[in-house]
Amino acid sequence: MRLHETKPVKTTCPYCGVGCGVMAKPDGLGNAVILGDVTHPANYGRLCVKGAALGETIDLEGRLLHPEIGGARVGWDAALAELAAGFRRIAAEHGPEAIAFYLSGQLLTEDYYVANKLAKGFIGTPHVDTNSRLCMASSVAGHKRAFGADVVPQCYEDLDVADLIVLAGSNAAWCHPILYQRIQKARERSARVVNIDPRATATTEGSDLQLSIAPGSDIALWNGLLVWLADHGALDAEFIEAHTNGFETALAEARAQSGDVSAATGLDAAEIERFYRWWAETPRVVSCYSQGVNQSAQGTDKVNAILNCHLATGRIGKTGCGPLSLTGQPNAMGGREVGGMANMLAAHMDFSEAERSRVRRFWNAPNLVAGPGLKAVQMFEAIQRGQIKALWVMGTNPAVSLPDADGARAALTKLELFVISENVASTDTAALAHIRLPAAAWGEKDGTVTNSERRISRQRAFLPLPGEARPDWRILAEAAAHLGWGGDFAYAGPADIFREHAALSGFENDGQRAFDISARECMTKAECEQMRPFQWPHPRGGAPTRRLFADGRFFTPDGKAQFVAAGGAGLAAAVSADWPLVLNTGRIRDQWHTMTRTGKSARLSQHIAEPFVEIHPEDAARFGLAGGGLAEVKTAYGAVALRVVLAEGQRPGSLFAPMHWSAENSGAARVCALVQPLTDPVSGQPESKATPAHIRPLAASHWGYCLSREMLRPDGCAYWSASRVAGGFLTGFALEAPEEGLAAWARGLAGQGDLAEFEDAGLGIFRAARLDDGRLIAAIHVAPEPAEPPGEWLTSLLSKQRLTPEDRRAILAGRPASGAVNREGGIVCVCFQVRAARIAAAIAQGADSAEAVGLVLRAGTNCGSCVPEIKRMLKDTPQTFRAAAE
Ligand SMILES: Nc1nc2c(c(=O)[nH]1)N[C@H]1C(S)=C(S)[C@@H](COP(=O)(O)OP(=O)(O)OC[C@H]3O[C@@H](n4cnc5c(=O)[nH]c(N)nc54)[C@H](O)[C@@H]3O)O[C@H]1N2
Ligand SMILES: Nc1nc2c(c(=O)[nH]1)N[C@H]1C(S)=C(S)[C@@H](COP(=O)(O)OP(=O)(O)OC[C@H]3O[C@@H](n4cnc5c(=O)[nH]c(N)nc54)[C@H](O)[C@@H]3O)O[C@H]1N2
Ligand code: SF4
Ligand SMILES: [Mo]
């Protein structure tokens with residue numbers, strides 16, 4: 001129990017790049033009520049379901065609370081001395097370049113700043129990269145090529161006044177929900193929304209035009225738009241002349257490629273023309289782009305193809321128009337500001353002699369690096385080769401999230417010294433580390449983050465540090481002291497670091513570098529403490545900046561923006577007879593990445609509880625797959641076992657699987673093990689959306705689930721995955737007849753205690769309840785065909801002190817005591833616990849809009865995350881059925 005203060009604290013959500021303000025009201029016992037901060041300009045009080053459930057993820061279960069060496073608890077001094085001795089020895093034997101850091105867009109700016117300074121200025125290794133390489137690198141590279149700096153010119157307010165909003169490669173309804181709701185508000189006042197994504201998603205529900213393009217064909221679409229704009233007199237010739245270079249070359253390249261946009265993209269000519277006409281006719285257009293653009297072998301060119309269209313029409317940096325890169329992680333942008341990537345130095349500086357000299361003098365750095373280091377995928381290849389011998393991973397889980405994840409995991413075992421700072425004791429990555437350092441988690445740490453619109457907000461602590469956990473910046477500063485540089489890292493707190501970072505941003509800047517927050521360098525500690533969200537740049541003597549480039553001045557040497565001839569159009573994934581399908585990967589609504597936090601919340605596990613692969617029904621028929629069954633998805637890199645979901649909105653020829661499951665919670669659902677380690681030639685960002693793949697049914701003779709208080713890891717299963725329910729876990733599984741016999745296998749899984757069981761060996765049915773003094777310990781259900789996940793009637797039994805005879809009978813019968821068959825469907829609205837069946841019933845009874853459903857059931861009326869799904873159900877319910885009901 002953590003006794004502490006109960007004052008409400010304003011902080012920032014630790015999940016997506018929308019960067020919503022949060023009001024945390026701690027209860028003094030380790031929990032907190034989480035509300036939206038009504039004064040924060042990113043969300044004005046709204047939170048999506050992940051933000052709203054933050055209170056369910058902050059307990060200490062599963063936390064790493066003490067430093068460890070080789071799995072044994074040690075003191076901080078011993079751990080840091082071991083780390084320093086290892087780094088010293090490896091640097092002496094192999095040079096500092098044998099040491100690497102792999103960081104994260106989930107670190108705070110202050111943590112990131114110190115890591116980068118220690119590595120690039122003092123240890124002297126350039127090999128500092130981050131999971132932002134898998135996330136934002138193509139946007140960064142595209143921005144730098146076009147604008148001369150990594151700048152997102154727009155702000156969220158532009159969505160409020162735009163008349164056309166394009167979403168390219170973005171499932172914003174699930175991944176940036178609060179911005180998506182803002183986009184829907186714009187739509188209510190007549191703005192149009194176009195969604196460009198090979199598959200129909202929840203985002204499609206709130207769109208006026210869905211362009212289900214062939215995977216990887218975005219460049220052909222945007223190059224075609226550039227040509228169309230030129231041919232229809234829609235260019236801004238004055239802007240092009242006065243403020244840009246390279247237009248003719250870019251247009252010529254676009255023309256050379258634009259022979260048949262329809263053939264290249266697989267879209268109808270009429271759809272394409274509609275999109276082009278809307279774009280040409282609507283001055284106020286915001287183009288948002290995310291991982292369908294960035295995570296691509298042609299990601300940087302995709303970004304520039306979009307930027308070209310905005311530059312060619314002068315629609316940039318103005319109210320209601322411009323390109324808006326949606327950043328993924330809460331501090332994807334802050335990490336770029338401090339130079340946390342391998343190809344940047346610090347404060348938006350590169351490696352020219354002048355810039356290196358400037359940073360060296362500012363840091364008083366003894367070992368400033370000479371040039372860029374290895375990018376994430378290449379860094380892990382260098383580890384595999386034995387070229388990098390020591391690695392410090394901070395705030396990311398690469399054994400799960402890197403492409404060729406089995407290869408990445410194997411590389412980690414080659415390290416002479418592997419250090420991890422983590423919140424969580426057990427992850428696929430942490431399991432392999434020699435030194436484990438307990439890091440402060442969200443709610444315990446203090447500092448700043450920057451969201452998608454360049455807005456710097458404070459994260460504030462509202463819980464005491466648990467166990468021996470320390471904030472990442474402090475762990476780094478103490479490691480620096482052990483390495484002999486204590487004086488250069490003598491920060492009393494994050495405010496000291498922020499001020500130094502602000503000072504560096506303004507150091508010898510004179511308006512040359514976009515990132516300048518020098519107005520903040522002299523803040524007092526109290527001012528840092530109280531700092532309100534603001535947008536950079538905020539130079540000394542100036543004001544925070546809402547939009548950039550409205551004046552047509554860019555950060556290139558001659559101040560003009562650069563058009564980039566975007567090649568690579570139509571470069572499709574190489575499908576073949578062996579690998580006939582394209583595997584696309586991404587996210588689901590209620591889980592965050594590798595689930596180390598959202599996976600703790602029973603509420604967040606209700607929406608989608610199992611790892612799955614989405615496939616078009618025609619392809620399912622072609623490959624002999626049934627919905628609800630199991631499939632093995634295989635690529636040249638690995639294989640996984642997933643539940644099959646049939647989806648009409650899936651493009652024939654494509655598969656989609658979420659990236660979230662790991663070896664911690666599944667038997668074989670580490671989807672990144674399938675992903676090819678192919679990277680964009682400019683940005684080094686991996687292509688996570690298109691790996692040639694194969695699919696086939698996975699045989700199983702027995703299917704079932706086990707409800708338990710403890711986490712289970714069933715043996716011998718072709719498939720299993722565990723998800724959180726209130727008071728325990730629900731583990732779904734499938735297997736071939738076990739050697740020891742079904743009943744013996746199942747009894748083993750259900751653990752120790754009194755057992756009530758029912759078996760029909762002939763039919764292959766086994767059900768059992770394991771009790772301890774009348775209290776349910778585990779309930780198991782095995783059947784010869786895929787079992788529907790049980791409803792609340794079963795999971796709620798974990799909260800009972802003593803089961804009634806009816807409860808036991810229900811478990812043994814496999815259905816609720818009332819005798820009703822369990823057809824409640826999944827929970828759609830987790831805020832009000834509304835299941836699909838109730839929503840369907842409300843629709844059948846005449847509710848004809850999401851608002852109407854909300855009035856009857858309250859579904860969708862709190863965080864709004866489920867509104868797109870309610871809209872889809874409304875659309876899917878046949879009109880005749882609805883009419884008959886009315
Ligand atoms: N719920 C939830 N929200 C999150 C996260 C999370 O883990 N969970 N993570 C956060 C992070 S770090 C990030 S980076 C963002 C990511 O946010 P998004 O980029 O919106 O999410 P993804 O699901 O990765 O991919 C978006 C879409 O790209 C599409 N796509 C695939 N190939 C192509 C293509 O060739 N062209 C086009 N146009 N589209 C394509 C996919 O079908 C997918 O629907 O989400 C953030 N928000
Ligand atoms: N196939 C496929 N792969 C992908 C993607 C995809 O779309 N498809 N998306 C890519 C993208 S965009 C991203 S951003 C990555 C995300 O992938 P990861 O970064 O690997 O995923 P997370 O689960 O967010 O990992 C964060 C880790 O840091 C820990 N942590 C959280 N807060 C702190 C902290 O304050 N300090 C420290 N020291 N540790 C902390 C968490 O417990 C967790 O283990 O995945 C990438 N991989
Ligand atoms: S949209 Fe949701 S996940 Fe993203 S910052 Fe806001 S509350 Fe957090
Ligand atoms: Mo990301």
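**Ligand shells, ring pairs and unusual backbone geometry**

User: How do the residues of the shell around ligand 2 divide into nonpolar, polar and charged?
Analyst: The shell around ligand 2 holds 9 nonpolar, 16 polar and 5 charged residues. These values come from a predicted model. Altogether 30 residues surround ligand 2, with Gln-106, Asn-131, Ser-401, Glu-422 and Thr-594 as the closest. Strands E15 (417-422) and E21 (581-586) each contribute at least two residues to this shell.

User: What makes the approach of Gln-106 to ligand 2 a polar contact?
Analyst: The cut-off for a pair of N or O atoms is 3.5 Å. A polar atom in the side chain of Gln-106 is 2.7 Å from an oxygen atom of ligand 2, and therefore the pair qualifies. Thr-594 also places a polar side-chain atom by an oxygen atom of the ligand, at 2.6 Å. For Gln-295, the distance from a side-chain N or O atom to a nitrogen atom of ligand 2 is 3.0 Å. Of the 910 Å² of accessible area that ligand 2 has on its own, the protein covers 99%.

User: How do you know that Gly-169 makes a polar contact with ligand 1?
Analyst: A backbone N or O atom of Gly-169 is 3.3 Å from a nitrogen atom of ligand 1, which is within the 3.5 Å limit. The side chains of Arg-587 and Lys-689 each bring an N or O atom to an oxygen atom of ligand 1, at 2.6 Å for Arg-587 and 2.8 Å for Lys-689. The protein buries 99% of the 910 Å² that ligand 1 exposes when taken alone. Helix H6 (172-175), helix H13 (291-294) and strand E21 are the elements that give two or more residues to the shell around ligand 1. By class, that shell has 10 nonpolar, 16 polar and 8 charged residues.

User: Why is the pair of Phe-515 and Trp-536 called edge-to-face?
Analyst: The count of aromatic pairs comes to 22. In the pair of Phe-515 and Trp-536, the centres are 5.1 Å apart and the planes meet at 85°. The distance is within 6.5 Å and the angle is over 60 degrees, so the name edge-to-face applies. Phe-515 belongs to the loop between helices H21 and H22, and Trp-536 to the loop between strands E19 and E20, so the pair ties together parts 21 residues apart in sequence.

User: Is Phe-515 buried or exposed, and how do you know?
Analyst: Phe-515 has a relative accessible area of 0%, and buried means under 20%, so Phe-515 is buried. Trp-536 is buried as well, at 0%.

User: How do you know that Arg-199 lies over the face of Phe-656?
Analyst: Arg-199 is 3.5 Å from the ring centre of Phe-656, and the distance limit is 6 Å. In another example, the charged end of Lys-117 sits over the ring of Phe-489, 5.0 Å from its centre.

User: What makes the peptide bond from Trp-536 to Pro-537 cis?
Analyst: Omega is near 0° for this bond. Most peptide bonds are trans. Pro-537 is in the loop between E19 and E20.

User: What makes the phi values of Arg-454 and Asp-773 notable?
Analyst: Phi is near 65° for Arg-454 and near 55° for Asp-773. Most residues other than glycine have a negative phi. Arg-454 lies in the loop between strands E17 and E18, and Asp-773 in the loop between E31 and E32. With 0% relative accessibility, Arg-454 is buried, whereas Asp-773, at 60%, counts as exposed because the threshold for that term is over 50%.

Definitions and conventions. Residues are numbered from 1 along each chain as its sequence is written. Chains are lettered from A and ligands numbered from 1 in the order in which they are written. This is a predicted model: local features need pLDDT of at least 70, side-chain atom pairs count only at pLDDT 80 or more; totals for chains, interfaces and linings use all residues. Side-chain values use heavy atoms; hydrogens and water are left out. A residue is near a molecule or strand if one of its heavy atoms lies within 4 Å of it. A polar contact is a pair of N or O atoms within 3.5 Å; within protein, one must be able to donate a hydrogen and the other to accept it, and residues adjacent in sequence count only if both atoms are side-chain atoms. Accessible areas come from the Shrake-Rupley method with a 1.4 Å probe; for residues, only the protein chains shown count as cover. Helices (H or I, at least four residues) and strands (E, at least two) are DSSP runs, numbered from the N terminus. Ala, Val, Leu, Ile, Met, Phe, Trp, Tyr, Cys and Pro count as nonpolar, Asp, Glu, Lys and Arg as charged, and the others, Gly among them, as polar. Rings of Phe, Tyr and Trp (its six-membered ring) pair if their centres lie within 6.5 Å; planes under 30 degrees apart count as stacked, over 60 as edge-to-face and the rest as tilted. Buried means under 20% relative accessible area, exposed over 50%, partly exposed in between (1.4 Å probe, protein chains only). A charge sits over a ring if NZ of Lys or CZ of Arg is within 6 Å of the ring centre and within 35 degrees of the ring normal.
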